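Here is a small set of exercises to work through with the structure open beside you. Try each task before reading its solution.

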Amino acid sequence: MKKIIFILIIQIQFAIASEEHTLNCSTFGIKEVTSKIAVLKASVLPIDLDSPEQDAKKRIGHEDFRLIAIPELTIRIPGISSQEDYKILCYFGVKQIDGMTHAAEDLPHLKLMGKFKTYISKYNQYMIEFYRNEFKGKKSEKIKDSHK
Amino acid sequence: MDESTVNSVMDKTATLSESKDLFDGQVHVRKIGESSKVTDAELKKVKNSLVNIRDKGGSNGKELIAKLMSVEGGTTFVLNDLDENTTFPGSDVILMDINSARTFKNLATNKTKVFSSTRLIAHELGHALLRREDAGFRMISIPPPDGGFGFGQIKREMYSPNVEATDGIMSGINGSIRRDYN
């Protein structure tokens with residue numbers, strides 16, 4: 001009997017592991033809080049490569065909570081590594097910056113992307129801390145109001 | 001890997017280990033740091049991957065290796081263990097982690113698969129030698145209803161040229177299919 005239970009547990013764990021590429025936010029009961037108008041408002045804001053935290057604050061002020069993804073061999077989202085972190089993605093959403101690519105055009109492009117990667121790591125870290133400090137455990141409908 | 005190290009490798013100012021060469025000096029395998037050393041196992045892995053691409057990778061694989069053999073002065077593979085895979089079109093330097101733990105959904109089996117060194121090397125060579133992009137948009141013109149000449153509706157379609165070409169190579173090696181970059 002113990003052996004059967006052990007095998008069942010292993011099979012369940014395997015089934016969970018094999019689902020790791022499917023991020024289905026509905027299973028968390030989460031609705032993304034970043035609206036289209038927030039995206040548009042934030043799109044016209046300039047980016048200051050030297051001030052990722054200030055940029056993140058400005059975007060939060062415009063209700064754009066999205067994290068930034070980096071296209072590498074596969075797409076990577078700095079700061080997101082666990083299943084718990086996936087919930088942050090589901091709440092906040094994700095964006096990519098045009099011009100970022102795994103295949104740089106040349107050295108100047110590569111160097112600028114390098115700066116951007118450092119910026120993105122800090123930007124995402126700010127957003128994740130913001131989520132953990134302010135919103136973890138709250139329902140997504142309340143998020144939009146509670147940061148004001 | 002920090003930004004300045006990546007930049008110094010790619011602009012060729014970094015100090016690298018002694019080179020171990022393959023294919024009559026057309027491929028130089030090195031690591032970052034004068035005292036580091038490319039192991040025999042790593043060299044074998046790179047060599048086997050390139051042989052697989054050439055011998056089992058179909059026309060895409062042959063095209064890639066032919067281009068690799070034609071690069072004046074050869075191409076340098078800079079190995080690392082920090083998940084850094086970087087190059088740019090026309091570059092003769094490629095930073096690569098051939099033991100990458102990165103995964104993709106293998107559509108041939110519908111299961112998660114770790115990048116093999118062969119897929120990773122074929123992918124990076126596709127960028128460097130054949131200037132293929134990971135993802136891009138192509139415009140497709142749908143003809144007008146009367147079937148005549150001229151533009152009808154323009155459709156923007158996403159495609160993944162490097163991934164598609166690499167899938168072509170891998171079909172004869174392990175049959176894995178990534179299909180698109182995203």
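## Exercise 1: A hairpin in chain B

In chain B, β5(B) and β6(B) form a hairpin with four residues between them, and B:N110 in the turn has a positive phi of about 65°. Keep in mind that the model is predicted.

**Task.** How many bridges join β5(B) to β6(B), and which residue stands opposite B:T103?

**Solution.**
1. Start with the direction of the strands: β5(B) and β6(B) run antiparallel.
2. Next, count the bridges between β5(B) and β6(B), and you should arrive at four.
3. Finally, look across from B:T103, where you will find B:V114 of β6(B).

## Exercise 2: The sheet of chain A

**Task.** In what order do the strands of the open sheet in chain A lie, and why is one side of β2 and of β3 left without a neighbour in the sheet?

**Solution.**
1. Begin with the inventory: chain A has six helices and three strands. Along the sequence they follow the pattern α-α-α-β-β-α-β-α-α.
2. Now place the strands side by side. The order is β2-β1-β3, and the pairing is mixed.
3. β2 (75-76) and β3 (94-96) of chain A are at the edges with a single partner strand each, so one side of each has no neighbour in the sheet.
4. Check one of the pairings: β1(A), residues 67-71, and β3(A) are parallel, with three bridges. As an anchor point, A:L67 has A:V94 of β3(A) as its bridge partner.

## Exercise 3: Two faces of a helix

**Task.** Which residues of α3(A) are buried, and which exposed residues does the face turned away from them carry?

**Solution.**
1. Go through residues 52-61 of chain A with the burial cut-off in hand: 20 or more other C-beta atoms within 10 Å. A:P52, A:D55, A:A56 and A:R59 are buried.
2. View these four down the axis. They span an arc of only 100°, which means that they lie on the same side of α3(A).
3. Ask what this side packs against: the partners of the buried residues are α2 (36-43) and α5 (107-135) of chain A.
4. Turn to the face pointing away from the buried side, where A:Q54 and A:K57 are exposed.
5. Follow the chain past the helix: after α3(A) comes A:E63, with a positive phi near 65°.

## Exercise 4: Where the chains meet

**Task.** How many residues of chain B are in contact with chain A, and which element of chain B gives the most?

**Solution.**
1. Count both sides: 22 residues of chain B touch 21 residues of chain A.
2. Sort the chain B side by element. Those giving two or more residues are α1 (3-10), β5 (103-106), β6 (111-114) and α4 (117-130) of chain B.
3. Compare their shares: α1(B) gives the most, with four residues.
4. Sort that side by class, and you get seven nonpolar, eight polar and seven charged residues.

## Exercise 5: How far to trust it

**Task.** Where in chain A is the pLDDT below 50?

**Solution.**
1. Take the overall scores: ipTM is 0.80 and pTM is 0.81.
2. Look at each chain. Chain B has an average pLDDT of 92, with 94% of the residues at 70 or above. For chain A the mean is 79, and 76% of the residues reach 70 or more.
3. Within chain A, residues 6-21 fall below 50, and this stretch has five contacts beyond near neighbours in sequence.
4. Low pLDDT means that the predicted coordinates should not be read in detail.

Definitions and conventions: Residues numbered from 1 in each chain as written. Chains lettered and ligands numbered in written order. Predicted model: local features only at pLDDT ≥ 70, side-chain atom pairs only at ≥ 80, totals over all residues. Contact = placed C-beta atoms within 7 Å. Nonpolar A, V, L, I, M, F, W, Y, C, P; charged D, E, K, R; others polar. Buried ≥ 20, exposed ≤ 12 C-beta atoms within 10 Å, placed from the backbone. Arc of directions from axis to C-beta. Pairing = 2+ DSSP bridges. pLDDT = per-residue confidence, 0-100.
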